[in-house]
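Got your viewer open and a selection tool at hand? Then come along for a walk through this model, one stop at a time.

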Amino acid sequence: MNQTLYAHLAVVLATFLIALSFIISAKLSGVIDPISLTLYRFVFASIVLAPIIFFKQKYRIKIKQSFKKAMIISFFYALYFIGLFKALEYTSALNTATLFTLTPLITAIFAVCIFKQHISLAQFIVYLVGIVGTCLVVFKGDLALFLTFSLNHGDIIFLFALIFMSLYSISAKYLYQDDDEVLTLTFMTLVGGCFWMAMALGILHIPLGWDKIEGELFLYIVYLSIGATLLTVYLYQKATVTIGPKNITAYIYINPTFAAMILFVFEGVNLSFGSIVGILLSLVATVILLVKE
């Protein structure tokens, strides 16, 4: 299979896994602190991947080479989650989902500065169309609900978190070298995430509370750890080195689309006409951005 096509399919799969993770995460909401929950995900995913890394020499010998890079990449990744969870103390999930649509544009701006890529007026307009499309999905086509949207203290925190998410994508591309093993770099990124999240728990004096994760909740954690953390970090890392961070973040516009479709298929949540229009706009914006790249 063509490497570029494989990379795009990898991102589509990762986007679907993340969309499903939002729904699964909602079932764990309020059980333990979100930062502790994320640390649990990183630790679990690291433990699952560890035997492959340490028992195969081609992966094991790359650990030292990947360490510094992974600590930088995971630093931005962890800061994004910390910013997200801190923002949710002051704002709503609806607000963060809306602001998240700015990530492709922010990443594109960083790409211009670091990789000397160019953003045309047409591409900028497409970014705006993508933002409008995802907003329609998030707000279910309800104009009145959209008009009540306003920035608050939590939203400002999340805007900084989006910068860290963009820097995560940029650093994954910038720091990668041809002789790196993506699987080892993925493992070390998870380990680095464990370190930064553990540090955040200590600084913020947050208890672990992992004893509350049992029964059905543990199955949710298994999915979040393997499906939404281990696999997505690997898929994103693998795809980023092939098609670049701008293409990766273009798929963010279809994240709410996947979430809406999952809810429609598995939980019978109806899609409004406005949501369907938003889905179509998001798909069109994503395709145009990918074709124009």
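The tour below moves from helix to helix, with a few single residues along the way. One thing to keep in mind as you click: this is a predicted model.

**Stop 1: the bent helix**

Start by selecting residues 216-250, which form helix α11. If these 35 residues made a straight helix, they would span 51 Å at 1.5 Å a residue. The end C-alpha atoms of α11, however, span only 34 Å. Where is the kink in α11? Centre your view on G244, where the helix axis turns by about 115°. The proline P245 comes shortly after this kink.

Now bring back the rest of the model around your selection. Of the 35 residues of α11, 25 are buried, so the helix is largely enclosed by the rest of the structure.

**Stop 2: α9 against α11**

Next, add residues 153-174, helix α9, to the display. The axes of α9 and α11 are 9 Å apart, and the two helices pack at an angle of about 100°. The pair is therefore roughly perpendicular; the bracket for that word runs from 65 to 115 degrees.

Show side chains to see who meets whom. From α9 come Y168, S169, I170, A172 and K173. On the α11 side, their partners include V233, Y236, Q237, T240 and V241. G244 and P245, which you met at the kink, are also among the α11 residues in this contact.

**Stop 3: α10 across α11**

Hide α9 for a moment and select residues 182-204, helix α10. The axes of α10 and α11 come within 9 Å and cross at roughly 130°. That angle makes α10 oblique to α11. Rotate the pair to check the handedness: this crossing is right-handed.

Which residues of α10 meet α11 here? Colour V182, L183, L185, T186, T189 and L190 in α10. Facing them in α11 are T229, L230, V233, Y234, Q237 and K238. V233 and Q237 deserve a label of their own, as they appear in this contact with α10 and also in the contact with α9.

**Stop 4: α2 along α10**

Keep α10 on screen and add helix α2, residues 34-55. Here the axes come within 8 Å and cross at roughly 150°. That makes α2 roughly antiparallel to α10. The handedness to look for is left-handed in this crossing.

Zoom in on A200 in α10. With a relative accessibility of 8%, A200 counts as buried. Draw a distance from its C-alpha atom to that of L39: the two residues are 161 apart in sequence and 9.7 Å apart in space. Leaving out residues up to four places away in sequence, A200 touches I35 and I82.

A short step away in the sequence is D33, in the loop between α1 (3-28) and α2. D33 is partly exposed, with a relative accessible area of 28%. Its C-alpha atom is separated by 8.9 Å from that of F85, which lies 52 residues away along the chain.

**Stop 5: a loop residue with an unusual phi**

Follow the chain into the loop between α10 and α11 and pick H205. Is H205 buried or exposed? Its relative accessible area is 70%, so H205 is exposed. Check its backbone too: phi is near 55°, a positive value in a residue other than glycine. Most residues other than glycine have a negative phi.

**Stop 6: T103 and L99**

Now select helix α6, residues 103-115, and go to T103. T103 has 0% relative accessibility and so counts as buried. Beyond its neighbours within four places in sequence, T103 is in contact with L162, M165, S166, T249 and I252. T249 is a residue of α11 that also takes part in the contact with α9.

Then turn to L99 in helix α5, residues 93-99. L99 counts as buried, at 6% relative accessibility. For a longer line across your screen, join the C-alpha atoms of L99 and I63: they are 36 residues apart in sequence and 36 Å apart in space.

**Stop 7: α12**

Finish with residues 255-267, helix α12. Its 13 residues should span 18 Å at 1.5 Å a residue, and its end C-alpha atoms are 17 Å apart, which agrees. Colour its buried residues: N255, P256, T257, F258, A259, A260 and I262. Just after α12, G268 takes a positive phi of about 70°.

Terms used: Residues are numbered from 1 along each chain as its sequence is written. This is a predicted model: local features need pLDDT of at least 70, side-chain atom pairs count only at pLDDT 80 or more; totals for chains, interfaces and linings use all residues. Side-chain values use heavy atoms; hydrogens and water are left out. Helices (H or I, at least four residues) and strands (E, at least two) are DSSP runs, numbered from the N terminus. The expected span of a helix is 1.5 Å times one less than its number of residues. The bend at a residue is the angle between axes fitted to the seven residues ending there and the seven starting there. Buried means under 20% relative accessible area, exposed over 50%, partly exposed in between (1.4 Å probe, protein chains only). Axes are lines fitted to C-alpha atoms, for helices over the stretch in contact, and angles run from 0 to 180 degrees between N-to-C directions. Angles under 35 degrees count as roughly parallel, over 145 as roughly antiparallel, 65 to 115 as roughly perpendicular and the rest as oblique. A crossing is left-handed if the near helix is turned anticlockwise from the far one by less than a right angle, and right-handed if clockwise. Contact means heavy atoms within 4.5 Å.
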